[in-house]
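Let's take a walk through a protein model together, one stop at a time. Keep the picture open while you read.

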Amino acid sequence: MSDAPQWLRELAVAASQMESGPLKPPADGGGKPSAVLILFATDRQSGPDLLLIQRSDGLRHHPGQPAFPGGSIDAADDGPVAAALREAVEETGLDLAGVDVLGTLPELFIPRTGFRVVPVLAWWRRPCAVAPVDPAEVAAVERVPLSELADPATRVLVRGASGYASPAFRVRGMLVWGFTALIIDRLLRLGGWERPWDASTVVDVPMRAR
């Protein structure tokens, strides 16, 4: 059994039962299987934080976009957990000896790219130094405190080309939006960190992502 904080173990249980809502995967099983790592650390005085990467501008999918570490599930991977951990190592240099996997969220679907994504929730029991392994893929690696993500001053809505608006966060010089922001928004709510914020501030999706 993991020595993860009780609140994080309870969050993992609640997140495993989270409603997929508009991100429910198609019934026909279509889409490319993938996984991301939602990694919580609890070792800093600023409180719990999440590990995020910023993808490089030259990528075909999600150029320049902040995200959780992750990617496609390869044939050699033993399921989504193995894939999420492997990708995190390849992208950030994460030492898996200090990571405890606590569970998975329901599979979700990103219509714009056709990826079926299993989010893997874990505790960074022994944090280590992390940085972009390949700058052609990852431009930056950040540990973002939940207190910053929950701060009403960082919260905005992002409006896509279709006019649909979804939650976003302006933190550490990044605009976190899309799938990653939707997951963070739900985790803040489930964990009891969400604070009232002004949803009248709407910004457009970055040009490079259109």
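Here is a short tour of one helix, a few charged pairs and one unusual loop residue.

Keep in mind that this is a predicted model. Our opening stop is helix α4, which runs over residues 178-191. Its 14 residues reach 20 Å from the first C-alpha to the last, close to the 20 Å expected at 1.5 Å a residue. Is α4 mostly covered or mostly uncovered? It's mostly covered: 11 of its 14 residues are buried. Among them are F179, L182, I183 and L187. Right after the helix comes G192, with a positive phi near 80 degrees.

Now look for charges inside that helix. Side chains of opposite charge can pair when their charged atoms come close. In α4, the side chains of R189 and D185 do this, meeting in a salt bridge with N and O 2.7 Å apart. An α-helix has 3.6 residues a turn, so residues three or four places apart point the same way. R189 and D185 are four residues apart, about one turn of the helix. The two partners sit in different surroundings: D185 counts as buried because its relative accessibility is 6%, under the 20% cut-off, while R189, at 46%, is partly exposed.

Next, find R172 in the loop between β10 (165-171) and β11 (174-176). Most residues other than glycine have a negative phi, and most peptide bonds are trans. R172 is not a glycine, yet its phi is positive, about 50 degrees. This arginine also forms a salt bridge with E142, with the closest N and O atoms 3.8 Å apart. The pair ties together distant parts of the chain, since E142 belongs to strand β8 (residues 138-145), 30 residues apart from R172. R172 is partly exposed at 39% relative accessibility, and E142 is partly exposed too, at 23%.

How many salt bridges does the model have? The count comes to 16. One of them joins the side chains of R86 and E87, at 3.4 Å from N to O. R86 counts as buried at 19% relative accessibility, and so does E87 at 12%. Both belong to a network of salt bridges that links D74, D77, R86, E87 and E90.

Last stop: S2, in the segment before α1 (6-16). Its side chain reaches the backbone nitrogen of A4 at 3.0 Å. The side chains of S2 and D100 are also joined by a polar contact of 3.2 Å. Leaving aside neighbours within four places in sequence, S2 is in contact with R9, D100, L102 and W123.

Conventions:
Residues numbered from 1 in each chain as written. Predicted model: local features only at pLDDT ≥ 70, side-chain atom pairs only at ≥ 80, totals over all residues. Heavy atoms only, no water. Helix = DSSP H or I, 4+ residues; strand = E, 2+ residues; numbered from the N terminus. Expected span 1.5 Å × (residues − 1). Buried < 20%, exposed > 50% of the residue type's maximum accessible area, 1.4 Å probe, protein only. Polar contact = N/O pair within 3.5 Å; in protein donor to acceptor, adjacent residues only side chain to side chain. Contact = heavy atoms within 4.5 Å. Salt bridge = Lys/Arg side-chain N within 4 Å of Asp/Glu carboxyl O.
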